[in-house]
Amino acid sequence: MISNKLTAGEEELLVITMEECAKLVMTCSKILQFGKEHKHVANFIEEARDVLAMIELLEEYGMINKTALLDSKFEKRVKLREWSSLVR
């Protein structure tokens with residue numbers, strides 16, 4: 001039987017991913033608060049890069065499937081089209 005328990009590496013991966021996502025949220029907030037000042041945009045780009053790196057690690061550890069992730073990304077764009085003007 002396959003265990004649902006996380007390995008120590010998986011736990012660490014999830015914790016770091018949460019931290020990186022939280023830092024990305026904070027940089028979004030800074031830009032909303034202070035505008036597109038160079039330092040805030042640079043921090044935003046750095047944190048977005050870090051989140052992408054963590055997503056790649058999640059795939060390497062078998063915690064997500066890139067094909068399924070890309071498929072669900074398309075579904076999100078369809079949903080956004082319903083309630084947002086961001087996607088045409």
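**Helices H1, H2 and H3**

Hi everyone, let's start with a pair of helices: H1 and H2 lie roughly antiparallel to each other, because their crossing angle is over the 145 degrees that sets that label. Please keep in mind that this is a predicted model. The pair is made of H1, residues 8-34, and H2, residues 38-60, and their axes cross at roughly 155 degrees, coming within 9 Å. As for the hand of this crossing, H1 over H2 is left-handed. And what sits in the contact of H1 with H2? There we have 15 nonpolar residues, along with four polar and five charged ones.

Now for some charges. The structure has two salt bridges. One of them joins Glu20 to Lys23, with 3.5 Å between the closest N and O atoms. Both sit in helix H1, three residues apart, so about one helical turn separates Glu20 from Lys23. In general, an α-helix has 3.6 residues a turn, so residues three or four places apart point the same way.

Last stop, H3. Its 18 residues, 66-83, should span 26 Å at 1.5 Å a residue, and the end C-alpha atoms are indeed 26 Å apart. At the start of H3, Asn65 reaches with a side-chain oxygen to within 2.9 Å of the backbone nitrogen of Thr67. Thanks, everyone!

Note on methods
Residues numbered from 1 in each chain as written. Predicted model: local features only at pLDDT ≥ 70, side-chain atom pairs only at ≥ 80, totals over all residues. Heavy atoms only, no water. Helix = DSSP H or I, 4+ residues; strand = E, 2+ residues; numbered from the N terminus. Expected span 1.5 Å × (residues − 1). Polar contact = N/O pair within 3.5 Å; in protein donor to acceptor, adjacent residues only side chain to side chain. Axes fitted to C-alpha atoms, helices over the stretch in contact; angles between N-to-C directions. Parallel < 35°, antiparallel > 145°, perpendicular 65-115°, else oblique. Left-handed = near helix turned anticlockwise from the far one by under 90°. Nonpolar A, V, L, I, M, F, W, Y, C, P; charged D, E, K, R; others polar. Salt bridge = Lys/Arg side-chain N within 4 Å of Asp/Glu carboxyl O.
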